[in-house]
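Q: I'd like to learn how to read a protein model feature by feature. Can you walk me through one?

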Amino acid sequence: MPLINHLFSIGSIRKAICKSWYPYLTRTLKPAKYTALDLNPAGIAFCKKRHQVEGLEFVRGDAENLPFPDNSFDAVINGFRKP
């Protein structure tokens, strides 16, 4: 049973999904759905090709103008970091 229904990850999805966060978060939080947003179309294409998992969605979009209605997610993971 999921601890949260819909998890949202923003920024640097290649790092978040392909390297570390995704396996850990799916094991511990067991989200029914996981949406990852990034502005980089190459990162989106790479992750869509590499990770074809039910409930996992990759969306291209701007973090300052999210393409989702309010209250779409139960939890948010921020993948941005200071340079």
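Q: Let's begin with strand E1, residues 6-10: why is it largely enclosed by the rest of the structure?

A: Start by checking each residue against the burial cut-off, which is under 20% relative accessible area. In this predicted model, five of the five residues of E1 are buried, so the strand is largely enclosed by what surrounds it.

Q: Which residues of E1 sit on one side, and which on the other?

A: Look at the two faces of the strand separately. His6, Phe8 and Ile10 are on one side, while Leu7 and Ser9 are on the other. Every one of these is buried, and that's how both faces of E1 end up covered.

Q: Which strand pairs with E1 over five bridges?

A: For pairing, you ask about the partner, the direction and the bridges. E2, residues 33-38, is the strand that pairs with E1 over five bridges, in the parallel sense. To find your place, use Leu7, whose bridge partner in E2 is Tyr34. Ile10 gives you another marker, with Leu37 as its bridge partner in E2.

Q: How many bridges join E1 to strand E4?

A: Four, and E1 and E4 (residues 75-78) run parallel. Here Ile10 turns up again, standing opposite Asn78 in E4. So you can follow Ile10 to Leu37 in E2 and to Asn78 in E4.

Q: Moving on to E2, how many of its six residues are buried?

A: Do the same count as before. Five of the six are buried, which leaves E2 mostly covered.

Q: In which sense do E2 and strand E3 pair?

A: Parallel again: E2 and E3 (residues 56-60) share five bridges. One of the places to look is Ala36, which has Phe58 as its bridge partner in E3.

Q: What kind of unit do E2, helix H3 and E3 make?

A: When a helix comes between two strands, check the handedness of the path. E2, H3 (residues 41-50) and E3 make a β-α-β unit, and it's right-handed.

Q: Can we zoom in on a single residue? Is Thr35 buried or exposed?

A: Sure, first place the residue, then look at its cover and its neighbours. Thr35 lies in E2. Thr35 is buried because its relative accessible area is 1%, and the cut-off for buried is under 20%.

Q: Which side chains make polar contacts with the side chain of Thr35?

A: One is the side chain of His6, at 2.7 Å. Another is the side chain of Glu57, at 3.4 Å. Leaving out residues up to four places away in sequence, Thr35 touches His6, Leu7, Phe8, Ser9, Glu57, Val59, Phe68 and Phe73.

Q: And now the whole chain: in what order do the elements of the protein run?

A: Read from the N terminus, they go β-α-α-β-α-β-β, with three helices and four strands in the protein. Of contacts between residues at least 6 apart in sequence, 69% join residues at least 24 apart. Buried residues make up 36% of the 83 residues.

Q: Where is confidence lowest, and where is it highest?

A: With a prediction, look at the average and then at the elements. The protein averages a pLDDT of 79, with 77% of the residues scoring at least 70. Confidence is lowest in helix H1 (residues 13-18), with a mean of 59, and highest in E3, at 88.

Note on methods:
Residues numbered from 1 in each chain as written. Predicted model: local features only at pLDDT ≥ 70, side-chain atom pairs only at ≥ 80, totals over all residues. Heavy atoms only, no water. Buried < 20%, exposed > 50% of the residue type's maximum accessible area, 1.4 Å probe, protein only. Pairing = 2+ DSSP bridges. Right-handed = clockwise from strand over helix to strand, strands pointing away. Contact = heavy atoms within 4.5 Å. pLDDT = per-residue confidence, 0-100. Polar contact = N/O pair within 3.5 Å; in protein donor to acceptor, adjacent residues only side chain to side chain.
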